[in-house]
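This report walks through selected local features of one structure. Backbone geometry comes before cysteines and surface.

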Amino acid sequence: MGVRILCGTLIIVLGLSTLLGGANAADRPVVEAVVDHDSGAVLWSSANPTAAMALKPGQEILLRGRNFGPGPITAARPGLGSPAGGVPPGDGTSSVTSSPPKAASKELSKVLFGNVRAFERNLPSYPARIDLQTGAAFLLAQMQGKTLNYFVEQYQPVPDTWVGDIYAWNDGEIDLTVPITAYEGPIQVVRIPVTGNYVLDIRTGAPLRYRDPNTTRVVNRNNDAFVDVWQIARTGESVLASDSVPATIAQSGGDRLQYGAPLIAGTPESEARQTRRTLESAATGRLRKTRPTMRSAADQYAYGEKAFWAWDWNLALPHLLLGVDWDGIFGFRFDETVPFLEKLVQTLKYKGSQIPRPAIEPEGYRFPEFNGDGSVGPPRLHKAMIDRITGMGIRPFTSFGAVPLLPESGAERLIAPPVAFNTQKFDAPTPYPIGMALHLPFLTPLSSGETNPTGWVGYSYAEAANPIPGQGRTGQWIGFSCAACHAARITYEYEPGGKRISRIFSGIPNPDWKATFLALSGRTYGISLDEELPANFIRYDYPAGTQKRIASQWKARGLRFLDALGLVNKGRTPADLQSASKERVDKTLLIYNMPPGATEARLFVPSSDPGDYANDYLFSPQVMPIITNHTPVRRALSRSELIDGFEGAYLHGEEPEGARGPMSSRSLQDLTLYASTLHQDDELLRRIGMYRWLTYKGLSSLLTAPDGHAINEGAFISLGYPPERLTRPASFPPLPELTSGLGTVRDAAIAENPAERAVADPFGKEFPSLTGRLAHGAQLFKGSCARCHSPGNAGMWTNEDMHPISAAGGSEPTGRFFSPTVWQRSTQSIRTAILENLFWVQRRGLLSDGHIVGTAPDNMDGLELLVRPDRCQAPLNADGSVDLARASNIYKRLYTIRQGTDHSFRIPSTGMRFELYTRFGEKPGVAEQTPAPKSDRTVTEPEARFVERHAYFTKLDDSYYYWDYQKMRREYGILEFGLDPKDPQNASRIGGLPTAPHPWCLPTGSSQTDIEDLVMFLLTL
């Protein structure tokens, strides 16, 4: 333990001394002492800076020093209170508990304990429910002109709550408790000052007001319980981080303290009652955390790990009911008889979708049996459904990116955590993380159960209440976990002799995951149906001819149609008018053309659905984020700090398939602790990525050893690594970072005297040519990137600013290639991205929609495309349009419609051969749109209609629908927010997207060497 503390302290001190060179040293926080709140004892003093103090989670301490600033925005005193700074919306409604006023000049501040934050707010977890009763309440509310989501969280005066840690904060003292997620030091204070500006609402020009996403679904007597709204502050360029304070954090259950027992299933009522009293008393007194949890940090890690790897997030049962046939997709249970009632329901669903039932392939494939006890049996025959697009049996990896728990060819074995291979039990005192929100008549949801492995990463059989009569009280069906999307298999050389292993790394995105599983069964709810258009589409006659088509249906009701259309133009939409816009659509074609490594939250859900995910006909792919270093961030998911970091981001399982609901406070804490450990393999991932990129670029000479000989991947990766760390899964506590490697060379390279410090690093000495290029790349980064991607913010390389999407929202708009997502539109902004493990991020495409994709295997040229100056070379005409005659070839390739062989993103229309987006085409590892293997599969009219109805697809003379970014640049805001283009006041509000999404590149005149050096530096982040 002592070695671990010393290593961590040295690394943090080095990081601070190098990363903060650009900040004003006089403004940085300085911790001078740490004092126990109750006894007054000095636990640590700057007079003896390397002496580590011993702390317990829940212990109240005082950080004393200077330059701590005014404290964090949207914070709350520990208890039940709402975040500060919210105000009523001005429509006469009010929250059941009003937000307290915000003191002036608050900042985006935080205190870090290792890689987790002292929690700034209280995060309540209200019980969720989706059932016939709430659906009826929604319909009634609609008739009464009210707004109510049919998915609700029921208000409780004292809900299960993750209470905050910060009691008080001023420039010289911070009063706080050690967070329950902490397990190691050091302690660090981070300040990100705000500018005084806010994200502007493009509809009004005033600062945007935004509800707390974590409580928007809470209802009290069929009315919204929390309606207060907050502004979204813009941050400045500076990230001010303090010196580090070494500390050890108690890990045993008897030393980890909370305010009471969690309010979850299985907690005795007597203990729950005491917890409620404690929370209620916090309104008038200080909430104390003195009750031992009797759960060690290792226990928390283990629960968080199995939630990440093995729990289905309540997807299995909803998927069964929605018609996702996972057994048929994987080829499991093909030889079992389907019960009569279940088969009857399936038949009715196929009739409704008008898609024939897929046949079962005749030959099948063999796959090992995963037994649940950690053992893997011999291969067993599986026969999957035949994919109606390809005409071949479904193969999970190539069809939708499911990764098998098997080594790749040429690898000795697969390395993955044991949790991936074993049955996992969820029962008291650690039941399922989320209570099932879906309530069916006469069926009580399970709060506990078990999951069993399928042999595919993140896909498990999960136990749930059985809705099929006569088939037992419970059943097991397949759903998927975090690992299905946030883990990837990498095969690498682990020693100089060239031996290879495959390993599953948690936290990095799966670049091959696809949403095609939703279309494979052919009967999934929403795949093919009569669907209406959104109100703004009718109002502005999109697609062209919509109003005429609706009017022709009304015939003798023509005058009534005109009256109804007038209501639409005033922002009101009669239900029968919107219903008249219905046409038959089939979503298969667009789903098969979703970029790999991305999802789309609203595309699949019927547009009339009353929930958050109704299809809006705005095509908005969102790539899988990387979460290896996500817990220090306050603004998660590219959204406001009201989300409150990783914790708020994962409070709700916000899947559009229906598995929504809030996690219990305990399970969310455990998941957060687990996620905070995912950075422990960053150095290994950097080295693999750097070696492969240099090899691809023909720059292997930079890896020449001091004696002049070239080294292989295994030698580069293993240099200075304890051999056992390269061949075993991640562990807890996380192993200390290496004292020398690409990470330490990076930190030295961005210092004030980069060349000297970088070359002096032991790893840098081994590769002086590479180190010199990294030092140059670091200076380019400081000149072109560091203004927003600030060093010093806990290794995340972001100032967490919220950049407006369009110019009407404020300065420095960032734009987006595909339509902004529903959540990005709700904040009208996108947070400066976290930069980490970029080699593994670029494989699924760069930026939030993944549109930066080149022609190299694994998108090896993605970072080059992003930073090169000619991507941003797009002079404007006087009317704001791009002068394409002077725009660069790369700009035109990425952001204009291109026909022919090197075509831009496009979808075929009716009667043309079906095409799909794949990473498994003629060029291995390259994402491209290719014709379906089944040559006679042509696009149907409902499939083409679904594409045509989406905004910003333009049909050209070759009959393809092309994504038209330039059209979105001109018209953004009309369909999204209902801005009337005929209103002169809207002239400056419509459009306004930058010439290129993320319009920041290297300066004009930068050389190819500059580009390569910056990319090399980015690969070390």
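N222 is partly exposed, because its relative accessibility is 44%. The model is predicted. N222 is not a glycine, yet its phi is positive, at about 65°. This residue sits in the loop between β16 (218-220) and β17 (223-224).

D644 also has a positive phi without being a glycine; the value is about 60°. Its loop runs between β36 (622-623) and α16 (645-649). Is D644 buried or exposed? D644 counts as buried, because its relative accessibility is 0%.

**Cis peptide bonds**

G185 and P186 are joined by a cis peptide bond, with omega at about 0°. P186 belongs to the loop between β12 (173-177) and β13 (187-191). A cis bond also leads from F732 to P733, where omega is near -5°. P733 is placed in the loop between α19 (713-718) and α20 (742-749).

**Cysteines**

How many disulfides does a search of the whole structure find? The search finds one. The disulfide joins C872 to C1001, with an S to S distance of 1.9 Å. That distance fits the cut-off, because a disulfide requires cysteine sulfur atoms within 2.5 Å. The bond is right-handed, because the torsion about S-S is about 65°.

Where do the two partners lie? C872 is in the loop between α26 (862-867) and α27 (889-895). C1001 is in the loop between α30 (974-977) and α31 (1008-1018). The pair therefore ties together parts that are 129 residues apart in sequence. C872 is partly exposed, with a relative accessible area of 22%. C1001 counts as buried, at 16% relative accessibility. The two fall into separate classes because buried means under 20% relative accessible area.

C482 is in no disulfide. The nearest cysteine sulfur belongs to C485 and is 8.6 Å away. C482 is buried, with a relative accessible area of 10%. C785 has its closest cysteine sulfur in C788, at 9.2 Å, which is too far for a bond. C785 counts as buried, at 16% relative accessibility.

The accessibility of these cysteines is listed below.

| Cysteine | Relative accessible area | Class |
|---|---|---|
| C872 | 22% | partly exposed |
| C1001 | 16% | buried |
| C482 | 10% | buried |
| C785 | 16% | buried |

**A nonpolar surface patch**

Which residues form a nonpolar patch on the surface? They are F340, L341, L344, V345 and L348. Together they have about 490 Å² of accessible area. F340 lies in helix α7, which covers residues 340-353. F340 is exposed, because its relative accessible area is 68%.

**A buried glutamate**

E915 is placed in strand β40, residues 915-918. E915 counts as buried, because its relative accessibility is 7%. What does E915 touch, leaving aside its neighbours within four places in sequence? Its contacts include L589 and N593. R906 and P908 are also among them. The list further holds Q929, T930, P931 and A932, together with Y960.

Definitions and conventions. Residues are numbered from 1 along each chain as its sequence is written. This is a predicted model: local features need pLDDT of at least 70, side-chain atom pairs count only at pLDDT 80 or more; totals for chains, interfaces and linings use all residues. Side-chain values use heavy atoms; hydrogens and water are left out. Helices (H or I, at least four residues) and strands (E, at least two) are DSSP runs, numbered from the N terminus. Buried means under 20% relative accessible area, exposed over 50%, partly exposed in between (1.4 Å probe, protein chains only). Patches are made of residues with over 30% relative accessible area and no salt bridge: like charges are joined within 9 Å, nonpolar side chains (Val, Leu, Ile, Met, Phe, Trp, Tyr) within 5 Å. Accessible areas come from the Shrake-Rupley method with a 1.4 Å probe; for residues, only the protein chains shown count as cover. A salt bridge is a side-chain nitrogen of Lys or Arg within 4 Å of a carboxyl oxygen of Asp or Glu. Contact means heavy atoms within 4.5 Å.
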